[in-house]
Each structure stands twice: as C-alpha cells, then as structure tokens.
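Visitor: I have a model open and would like to learn how to read its helices and its buried residues. Could you walk me through it?

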Amino acid sequence: EITGDFTAVSGFDLGDIEHNAEHNLDSVPFDVMRELIIDAYKKGGIITISWHADNPVSGGDSWDKTPAVAEILAGGQTTEKFELWVERLAGFIKSLRYKGKPVPVIFRPYHEMNGSWFWWGEGNCSASDYIKLWQRTVFLLRDKHKLHNILYAYSPNKLGPGDDYLKYYPGDDYVDILGVDIYDFNNAEDYKTAVAKDLALVKNIANEKNKLFAFTETGLEKVQTPEWFTGVLYPVIENSGIAWILFWRNSKESHHYLPYRGHVNEDDFKRFEAMPKTLFLKDISNLKY
C-alpha cells in the first residue's frame with residue numbers, strides 16, 4: 001500500500017502448528033498462510049519461517065522459562081511430544097508446493113538463544129543441549145521427514161559485551177545462513193552502534209564459513225523517530241553486505257514496525273525503499289538443501 005510493490009522477503013511464524021491448530025499464535029489461519037506463502041513465492045519472493053513453539057514441559061508459551069530442552073533430549077514422553085510437534089511442522093512445510101514442486105523456505109528456529117526470554121534461551125538450557133536440540137530438529141526434518149527444501153538460519157540477539165556469537169552454533173553442517181536480531185528501543189545511537197558492530201562481526205564469520213548472512217529481525221515499535229528508515233537504519237546497512245532485512249510484523253496501530261498510510265514515516269519509508277541496495281551476491285551454487 002505504501003510503495004506500490006510486493007515485499008522481496010516475507011516472514012511467517014508457525015507458532016501453534018505443534019498443536020495441530022487452525023490458526024497460528026497471532027490468529028493467522030494456517031490455510032491462509034499457505035496461500036500467502038505460495039503466492040509470494042510465485043511472485044519471486046523469498047520465504048522465511050520462525051517458530052514460537054510452546055514449552056513442551058509446562059504447556060506454557062515460548063516465553064515460559066521452565067527448563068525443557070534437557071527433557072526433550074532425555075527420551076520419554078516429552079521427547080515423543082516434541083517429535084510429534086516437529087512432524088506437524090514438517091507436514092505444513094510439505095504442503096508448500098507450486099507447480100508440483102516444493103517451495104524453498106528459510107527456517108529460523110530457536111532464535112535469540114543468547115537472551116533469557118525463551119525456554120531455549122540463555123539460563124534455561126546449556127549451550128551444549130541447545131546445539132543438540134537444533135541438530136535433532138534438523139535430523140528429524142531432513143532425514144526422517146525427507147524435507148530438502150529448507151535452508152536453516154542461525155540468529156542470536158544483539159550481542160552484549162563479551163558475548164560469543166558462536167556459543168550456541170550447531171555446526172556448519174546444520175546451518176546455512178547466519179543472522180542477528182537487533183531492535184531500536186527508542187535509543188537510535190545505541191542501535192546504530194550495535195547494528196554496525198554486530199553486522200560486521202557476522203559478515204566476517206560468514207565469509208570465513210562461505211555462508212550467506214542477513215539482518216534477520218529488526219525494527220522500532222510504532223516507528224515514531226522521524227526519518228528512521230533513511231536517517232537511522234540505512235546508513236548502517238548500506239554497505240553491510242546483508243542478503244536481506246526483515247522487519248517485525250504490523251499487528252495493530254499500537255504495535256507495528258512498518259508505516260501505515262498517513263503515518264509520520266510513510267514518505268521516509270518510500271525514500272528508503274528507493275535507495276540503492278548493495279546486495280551480497282557471492283556464488284552460492286555449492287549450497288544444498
């Protein structure tokens with residue numbers, strides 16, 4: 001509506017697919033989501049998927065910090081439940097087909113693991129157990145359910161002083177794309193510093209590993225800073241080499257990350273969309289699903 005164009009990258013979340021629900025955790029019907037994904041792919045778009053899975057031990061949501069990862073890995077009822085959840089996730093991804101062929105997707109599970117707010121996050125499981133959980137998930141999707149239309153993206157939250165970007169890294173055989181999630185919490189200078197520093201670090205690691213890298217989540221809630229897109233964001237991503245940038249969702253007028261018509265940053269976003277994009281066009285012919 002603002003730019004007169006479709007998005008190049010579309011993000012979807014499969015939270016609640018684990019319960020065989022009709023809607024995801026944001027009340028989006030999975031049938032509608034399937035249609036939107038196929039339509040976006042048909043138009044040449046790239047699809048990214050996150051998964052805010054509920055806590056399999058407590059029954060709470062993703063933000064329930066009850067330790068669960070060790071229980072999943074231990075075998076028993078929690079393991080069986082979790083593997084059923086992955087099977088349901090796999091079933092949805094298998095249903096994404098266009099002209100008889102699977103739609104390729106980028107799957108970004110268990111994100112922001114260096115933060116403490118998810119059951120798979122820092123302090124709620126060990127780094128070694130997190131790595132095993134990730135590897136087990138890839139094994140189930142790739143080897144048990146025979147899904148080969150998935151690229152896997154690893155995305156910690158903004159790094160704090162002394163944080164190790166690779167602390168939770170599952171290994172080169174289990175990750176295709178490196179990313180990072182950084183938000184502006186109404187502190188533009190801190191945001192710009194963090195984005196420039198962390199994207200430079202991710203770029204160096206990605207180059208060493210011959211992998212793509214991206215700005216996997218970002219935004220400023222309600223986007224009230226004037227000229228935020230052109231004045232705050234663009235200067236720190238212009239020559240960063242990222243393959244894409246993903247803004248968080250527009251839920252309602254009190255919780256959105258892109259402008260609506262009539263919004264203070266509507267024209268600013270139009271200018272941002274028209275600015276030159278330096279894309280990371282390295283040869284990726286050796287990547288395999």
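Visitor: Which elements cover the buried residues of helix 3?

Guide: This is a predicted model, so keep that in mind as we go. The cover over the buried residues of helix 3 includes helix 1 (30-42), helix 2 (69-74) and helix 4 (127-144), together with strand 5 (105-108) and strand 6 (150-154).

Visitor: And which residues of helix 3 are buried?

Guide: A general idea helps here. With 3.6 residues a turn in an α-helix, residues three or four places apart point the same way. In helix 3, the buried residues are Thr78, Thr79, Phe82, Glu83, Trp85, Val86, Leu89, Ala90, Phe92 and Ile93.

Visitor: How many residues does helix 3 have, and how far does it reach?

Guide: Helix 3 (residues 77-94) has 18 residues, and its first and last C-alpha atoms are 25 Å apart. That is close to the 26 Å expected at 1.5 Å a residue.

Visitor: How should I read the packing of two helices?

Guide: Two numbers describe a packed pair: the angle between the axes and the distance between them. For helix 3 and helix 4, the axes come within 10 Å and cross at roughly 50°. The two helices are therefore oblique to each other. Their crossing is right-handed. On the helix 3 side, Phe82, Glu83, Val86, Leu89 and Ala90 make the contact, meeting Leu133, Arg136, Thr137, Leu140, Leu141 and Lys144 of helix 4. Sorted by class, this contact has seven nonpolar, one polar and three charged residues.

Visitor: At what angle do helix 5 and helix 6 pack?

Guide: Helix 5 (residues 188-209) and helix 6 (residues 228-237) pack at about 25°, with their axes 8 Å apart. That makes helix 5 roughly parallel to helix 6. Here, too, the crossing is right-handed. Helix 5 contributes Ala188, Tyr191, Lys192, Val195, Ala196 and Leu199 to the contact, while helix 6 brings Trp228, Gly231, Val232, Leu233, Val236 and Ile237. The classes are ten nonpolar, one polar and one charged.

Visitor: Let's try a single residue. Is Ile47 buried or exposed?

Guide: Ile47 sits in strand 2 (residues 46-50). Its relative accessibility is 1%, so Ile47 counts as buried, the cut-off being under 20%.

Visitor: Which residues is Ile47 in contact with, leaving aside its neighbours within four places in sequence?

Guide: Ile47 touches Ser10, Phe12, Ile37, Ala40, Tyr41, Val103, Pro104, Val105 and Ile106.

Visitor: What separates the C-alpha atoms of Ile47 and Pro161?

Guide: Those C-alpha atoms are 32 Å apart, and the two residues lie 114 residues apart along the chain.

Notes. Residues are numbered from 1 along each chain as its sequence is written. This is a predicted model: local features need pLDDT of at least 70, side-chain atom pairs count only at pLDDT 80 or more; totals for chains, interfaces and linings use all residues. Side-chain values use heavy atoms; hydrogens and water are left out. Axes are lines fitted to C-alpha atoms, for helices over the stretch in contact, and angles run from 0 to 180 degrees between N-to-C directions. Helices (H or I, at least four residues) and strands (E, at least two) are DSSP runs, numbered from the N terminus. Angles under 35 degrees count as roughly parallel, over 145 as roughly antiparallel, 65 to 115 as roughly perpendicular and the rest as oblique. A crossing is left-handed if the near helix is turned anticlockwise from the far one by less than a right angle, and right-handed if clockwise. Contact means heavy atoms within 4.5 Å. Ala, Val, Leu, Ile, Met, Phe, Trp, Tyr, Cys and Pro count as nonpolar, Asp, Glu, Lys and Arg as charged, and the others, Gly among them, as polar. The expected span of a helix is 1.5 Å times one less than its number of residues. Buried means under 20% relative accessible area, exposed over 50%, partly exposed in between (1.4 Å probe, protein chains only).
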